[in-house]
Amino acid sequence: MQNRREFLKNTAMLGMAAALPMNPVFGREMKQQKEWSFGVIPDTQWKTNMEAPFHGTAIHVIDAINAEMIRQKVDFVLEVGDLVEEASAIAFQTRAQHNKVLEDAEIEFYPLRGNHDSRNRINHVNCGAAVAQYKSAFPNLPGTPGNGGSSPDLPNAVGMTYSFTHKNGKFLLLDTFSLVDDGSEDGKAYGMADYQDWIDEQLKMDDHQFAMVFAHKDLLGQDHKDNVFSDNKVDQNIPVDVQNAFFASLQNNGVKYFICGHDHMYHHSHVKSPDGKSGVQQIICGSAAHKFYTPKAPFLERETPIAQELNRIGFLIIRVSENGIKTDYYSTEPFGDVPHSPTWTLRDRYGYFFNGDEFGKPEDSLRQFVRPAE
Ligand SMILES: [Fe+2]
């Protein structure tokens, strides 16, 4: 079996056209270019106004970010959940309709659900119906039959938790919200323990040079103290064995970034496992909504904060070159009640080289970090 470096060398020698897979969403051949990029949109839930034209999704923010994604010629856009305020057919369809400009520009959109996408507090919907509404708006995702990628072999996880490859990258999107109608009010969600074997299998495959892992909830939130492992807001280390296994899997397989939302702020940090043996960079990628949160104690010692920005609307563009990854965070003043074409400001830039070195000059970015007093 060839390792990743050999895989890339071999594909380069063969000529990329021979090695490139078909795009899983639109079935077209991928663009061929040495440098490429993709965008990451944070939460786009919009107020509790479920009336037209919003239907609980931040249509004007989405339109403005999509315009910038097109201008910057990203290959695809990924959203880390809370697409809408309350799960409903019209809400998901409205969110999906605002991707039409991306589709016209042949830019794929890869969604992931958040807590708001899995339930409706106004008009209760059971989890099976909520999943069906979501899938109807976002069909043919990787992991579903005939669309490439992979999903865990778990009931109803197909196309909800999934992986896909794009050029030399691999992307794992983890849905940790209710997927199985087990008769309970909220239904059953899968946890990281359910996904761990599939995560290991996906990360160990020789089909990528780098991999990134995405989920809605955080490793360690700043306002939110629930996290991707547990809803327990008091003990952020549980379940300890599950957390240790997840962090070890990411580190042992060379994953540098865990990218998430939920906290409605931009926050870059390094987070270690509860046992301190492994770690990963956490990027809480901002807010694309009306809502902004403020960090509050307690903060755990196993997190080292690096950079943070509050109370602005933003997104990431991650650029991939032959040598490594460059991560750009852009933001602007809050807006969204009416159509708006903001000026986006590059507020943070950092990254890593595939040889293991990292970069991010303080003078080039907002690399200062101020944590509120405890
Ligand atoms: Fe959210």
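**Exercise 1. Work out how helices H4 and H6 cross, including whether the crossing is left-handed or right-handed.**

Step 1: Start with the handedness. H4 and H6 make a right-handed crossing; that word applies when the near helix is turned clockwise from the far one by less than a right angle, and left-handed when anticlockwise. Helices (H or I, at least four residues) and strands (E, at least two) are DSSP runs, numbered from the N terminus.

Before going on, remember that this is a predicted model, where local features need pLDDT of at least 70, side-chain atom pairs count only at pLDDT 80 or more, and totals for chains, interfaces and linings use all residues. Residues are numbered from 1 along each chain as its sequence is written.

Step 2: Get the geometry. H4 covers residues 89-97 and H6 residues 127-137; their axes come within 9 Å and cross at roughly 25°. Axes here are lines fitted to C-alpha atoms, for helices over the stretch in contact, with angles from 0 to 180 degrees between N-to-C directions.

Step 3: Name the arrangement. H4 is therefore roughly parallel to H6, since angles under 35 degrees count as roughly parallel, over 145 as roughly antiparallel, 65 to 115 as roughly perpendicular and the rest as oblique.

Step 4: Find who touches whom. Phe 92 and Arg 95 are among the H4 residues that meet H6, where the partners include Tyr 134 and Ala 137. Contact means that C-beta atoms, placed from the backbone, lie within 7 Å.

**Exercise 2. Place strand E13 in its sheet and find its partners.**

Step 1: Lay out the sheet. It's an open one of 7 strands with mixed pairing, in the order E3-E2-E1-E13-E14-E15-E16. E3 (108-110) and E16 (358-359) are the edge strands, each pairing on one side only. Strands pair if DSSP finds at least two bridges between them.

Step 2: Look at one side of E13. E1 (residues 36-41) pairs with E13 in the antiparallel sense over 5 bridges, and Trp 36 stands opposite Val 320.

Step 3: Now E14 (residues 324-332). It runs antiparallel to E13, with 8 bridges joining them. Val 320 has Ile 325 as its bridge partner there, and 3 residues sit between the two strands of this hairpin.

Step 4: Check how covered E13 is. Of the 8 residues in E13 (313-320), 7 are buried. Buried means 20 or more other C-beta atoms within 10 Å of a residue's own, exposed 12 or fewer, and partly exposed in between, with C-beta atoms placed from the backbone.

Key. Two residues are in contact if their C-beta atoms, placed from the backbone, lie within 7 Å.
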